[in-house]
Amino acid sequence: MATPPDYDLLIAGGGLIGSGLALALAHQPLRIGIIEAVPPTTHEQPSFDSRAIALAFGSRQIFEGIGCWSAIAPKTTPIRHIHISDRGHFGVTRLEAAQASLPALGYVVEARVLGQIIYQALKNFSQIELLSPAKVINVSGEGDQMRVQIISQDHIRTLSTRLLIAADGGSSLVRQLLQIPVQRKDYGQTAIIANVATEHPHECTAFERFTNTGPLALLPLGEKRSNLVWTVKNMQVPYLAAVDNKTFLAHLQQRFGQRLGQFTRIGKRHVYPLQLLRSQQQLAHRAILIGNAAHNLHPVAGQGFNLGLRDVAALAQTLADAHKADHDLGAPETLSTYVQWRQWDQRLIAKSTDILVRLFSNNYAGLGLARGLGLTALDLLPLLKRRLMRQATGLAGRQPRLARGLSLL
């Protein structure tokens, strides 16, 4: 008789997507291991510099289904209005939560806070084990199990699992070990991310301002604090990363304008080169890729994390349904069900963000006029606007139980 595996599921990557998947499956009778290189910290003090994430309304519903939104909600700033403009050209689109009959289009939360809430909730489930600090160093398929070799504090261990889930980010080592090829598109752009304070309150408004170097976004975070995601051309990065805060804010003011008055403070700046990355396949023998390991997008419109969270909701339901039916969690037919479910949403979001970047990051003759007409038309056509908001909030297409705010039980 074959020896049972150590785990039903091993999740490589204990970030928000990997740990979120574990929590989504926490009420299932499954032995789950999370392999994470950096142990989670629970006592870090809030900081002006804390990185922020924009959760679409659909992501709120997923966290409601998982059962932790009540802990997250008090730590968020709602996005009730979105202001979209094109620098140097006419045309503005305004999206309102009330137009979509929603309390908010999304919510901004510090990533550290979100991670703490998830890990605190995971402590209530003894069948979920955190293997940290630990790194995957090798994987190999063996019959009805996957062997995963990890190194932890200079000690090498080999674990067995029915299914390995790669949630280890855009530079996924597991994806490389599985020899899954990727498609890459380099945008020649870099995101400069920092938190800024403004003279006037944002009043729960998110701004997306397109410029000829790339989009500039401000997400509301606290009364007079916003999270800045400023996309610039790679050649501009050495200068903008090195100048003093006063000079940087002066450049930012010139690009953004006076909608929030003067920028009064900026925190630490972080730079991230941008590219579109898509795995040519998401399945291997008893392994599957989710989140940024499967699709790493440009941050325009803030879709990346929300797309990954929808992966979590669909995969959690697929695995819960398979277990209930006594099907093999790692079988190709089980995993193919998930891939077919998710491919429409993944392709649509990847294509939409890519088109936005190419359309709004240049000054080709006549294109500015076309963009202005498009923004104006969108602002004047309620039906089209509602359709856009439904897609942007993650409420379009076939919705798994978690995405409808329902538990898997």
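In the predicted model, Trp 230 has a relative accessibility of 3% and is therefore counted as buried. Phe 248 is likewise assigned to the buried class, with a relative accessible area of 0%.

Aromatic contacts were searched for over the whole structure, and 4 aromatic pairs were found. One of the pairs is formed by Trp 69 and Tyr 107, with a centre-to-centre distance of 5.0 Å and an angle of 65 degrees between the planes, an edge-to-face arrangement. Trp 69 belongs to helix H3 and Tyr 107 to strand S7, which spans residues 106-110, so this pair ties together parts of the chain that are 38 residues apart in sequence. Both Trp 69 and Tyr 107 are buried. The rings of Trp 230 and Phe 248 also pair: their centres are 5.4 Å apart and their planes lie at 70 degrees, and because angles over 60 degrees count as edge-to-face, this pair is classed as edge-to-face. Trp 230 is located in strand S15 (residues 225-233) and Phe 248 in helix H7 (residues 245-256), so the contact ties together parts that are 18 residues apart in sequence. In addition, ring pairs join Phe 207, Phe 256 and Phe 263 into a cluster.

A further ring is approached by a charged side chain. Arg 398 is placed over the face of Trp 341, at a distance of 3.8 Å from the ring centre.

The surroundings of the pair between Trp 69 and Tyr 107 include Thr 76. This residue is situated in the loop that runs between helix H3 (69-72) and strand S4 (77-79). Thr 76 has a relative accessible area of 15%, and because the limit for burial is under 20%, Thr 76 counts as buried. When neighbours within four places in sequence are left aside, the contacts of Thr 76 are with Trp 69, Tyr 107, Val 108 and Val 109. Thr 76 is thus in contact with both members of the aromatic pair. A polar atom of the Thr 76 side chain lies 2.8 Å from the backbone oxygen of Ala 73.

At the level of the whole protein, 11 helices and 20 strands are assigned. Of its 409 residues, 55% count as buried. Among contacts with a separation of 6 or more, 72% are between residues 24 or more positions apart. The accessible surface of the protein amounts to about 18,200 Å², with 53% of this area belonging to carbon and sulfur atoms.

Terms used: Residues numbered from 1 in each chain as written. Predicted model: local features only at pLDDT ≥ 70, side-chain atom pairs only at ≥ 80, totals over all residues. Heavy atoms only, no water. Helix = DSSP H or I, 4+ residues; strand = E, 2+ residues; numbered from the N terminus. Buried < 20%, exposed > 50% of the residue type's maximum accessible area, 1.4 Å probe, protein only. Contact = heavy atoms within 4.5 Å. Areas by Shrake-Rupley, 256 points an atom, 1.4 Å probe, with all protein chains shown as cover. Polar contact = N/O pair within 3.5 Å; in protein donor to acceptor, adjacent residues only side chain to side chain. Phe/Tyr/Trp six-rings, centres within 6.5 Å; stacked < 30°, edge-to-face > 60°. Lys NZ or Arg CZ within 6 Å of the ring centre and 35° of its normal.
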